[in-house]
Amino acid sequence: GKPFQYVSIRTEISARKKLEEKMVAQNRFQHAVMNSVGEGVYALDQHGICTYVNHEAIRLLGWPETELIGQSIHPKIHSHTAEGAFLPAKECPIMLTVKTGDTFRSDNELFERQDGSTFPASVVSIPLRNENSIIGSVAAFQNISLRKQAEKDVLNAKKIAEDANMAKSDFLANMSHEIRTPMNAIIGLSYLALESDLTQKQRSYIEKVHRSAESLLGIINEILDFSKIESGKMKLESIDFRLETVLDNLINLIALKAEEKGIELLLSIESNVPQALTGDPLRLGQVLVNLANNAIKFTEKGDVIIRIHRLKQHDNNVELGFSIADSGIGMSKQQQAKLFQSFSQGDSSTTRHYGGTGLGL
């Protein structure tokens with residue numbers, strides 16, 4: 001019963017020790033990386049028990065590590081939705097990552113701190129796999145209070161800008177209406193004065209007043225239409241009209257100016273263009289008058305050609321093309337780029353020489 005001999009078996013384990021040291025160093029490195037990122041990170045096992053939490057998560061949540069590791073983390077930090085409704089663990093999308101195997105992303109979560117306060121969180125939850133089985137999940141989250149506040153500020157600023165724009169448009173519309181009343185009186189009375197006996201000098205004065213008043217009324221009407229478009233109150237009519245009536249009115253309005261400048265005014269209408277139409281003759285006339293007036297304004301000699309042709313027709317619907325060509329100064333590519341920009345002038349020199357409210361109208 002007394003030992004008289006012993007046998008010793010010794011195994012050299014340098015390789016195993018090096019592997020263990022390498023694994024410890026790798027774990028230390030991974031923990032250092034996780035603790036240095038700017039997001040809170042925690043890991044759960046397949047039962048929803050917390051197995052890891054980094055320093056940023058501890059800072060954001062206010063819970064000590066000992067109160068999180070080894071416990072169900074859901075009731076502590078994520079028990080309510082962003083709307084404040086109670087969120088059971090079995091319905092929590094972060095917890096369900098382990099069961100579904102799907103990655104969950106959201107910018108609309110509500111996380112709770114130890115002191116009971118809350119903050120909006122952006123979360124990404126990814127399942128952890130071991131070959132074909134899911135062994136847990138990792139969730140990374142951020143406090144996005146500043147981003148949410150910035151989004152709210154942007155929406156508020158947008159609303160303020162829209163309200164201010166609406167107020168401006170309403171002001172323009174009201175002012176245009178108020179100014180048009182005395183302007184119509186000036187135009188009407190100057191017209192009546194021109195029908196009476198006047199000296200040559202008096203007639204010259206009244207004619208200038210009459211033309212200037214009509215020009216100013218045209219600008220006021222343009223501003224009124226502009227304000228209507230901006231405020232969304234511009235409505236197109238759909239009434240029966242004849243195209244020749246619109247063209248007769250157009251010619252009556254622009255012929256005198258063309259004649260005064262010695263410009264030849266030509267009208268070209270293809271034979272297949274129908275005369276009886278349904279649409280908005282007032283707006284069509286406005287567009288044609290504006291384009292023709294511009295063509296005459298910026299043309300010193302030569303001609304202005306108004307062309308109308310049929311583009312396509314299907315049953316009772318017809319699409320017509322209107323074009324106005326002139327031999328005037330034309331527009332450069334840079335000036336064309338400013339088209340439809342409100343009150344922008346093609347060239348500051350043309351403002352003084354030609355006048356007008358700009359390319360945008």
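The expected span of a helix is 1.5 Å times one less than its number of residues. Helices (H or I, at least four residues) and strands (E, at least two) are DSSP runs, numbered from the N terminus. This is a predicted model, in which local features need pLDDT of at least 70 and side-chain atom pairs count only at pLDDT 80 or more, while totals for chains, interfaces and linings use all residues. Residues are numbered from 1 along each chain as its sequence is written, and side-chain values use heavy atoms, with hydrogens and water left out.

**Helix α7**

Helix α7 covers residues 243–261, 19 residues in total. From its first C-alpha to its last it reaches 27 Å, close to the expected 27 Å. A kink of about 40° is centred on Ile 254; the bend at a residue is the angle between axes fitted to the seven residues ending there and the seven starting there. Ile 254 is also one of the buried residues of α7, along with Leu 243, Val 246, Leu 247, Leu 250 and Ala 258. Buried means under 20% relative accessible area, exposed over 50%, and partly exposed in between (1.4 Å probe, protein chains only). The cover over these buried residues includes β6 (239–242), β7 (264–269), β8, α8 (281–297), β9 (303–314) and β10, where contact means heavy atoms within 4.5 Å.

**The second largest pocket**

Strand β10 (317–326) also helps to line the second largest pocket, as does β8 (276–279), each with at least two residues. The most comes from β10, with five residues. A pocket is an open set of points on a 1 Å grid over the protein atoms alone, where a 1.4 Å probe fits, with protein on both sides within 12 Å along at least five of seven lines; lining residues have an atom within 4 Å of a point. The space in this pocket is about 230 Å³, a volume being the space filled by probe spheres set on the points, which are joined across faces, edges and corners. Among the lining residues are Phe 241, Asp 280, Asn 316 and Glu 319.

**Positive phi values**

Gly 262, which follows α7, has a positive phi near 70°. Two residues that are not glycines also have positive phi:

| Residue | Phi | Loop | Relative accessibility |
|---|---|---|---|
| Glu 131 | about 60° | between β4 (118–130) and β5 (133–143) | 74%, exposed |
| Asp 315 | about 55° | between β9 and β10 | 62%, exposed |

**Lys 208**

Lys 208 is placed in helix α6 (residues 200–230). Lys 208 counts as partly exposed because its relative accessibility is 46%.
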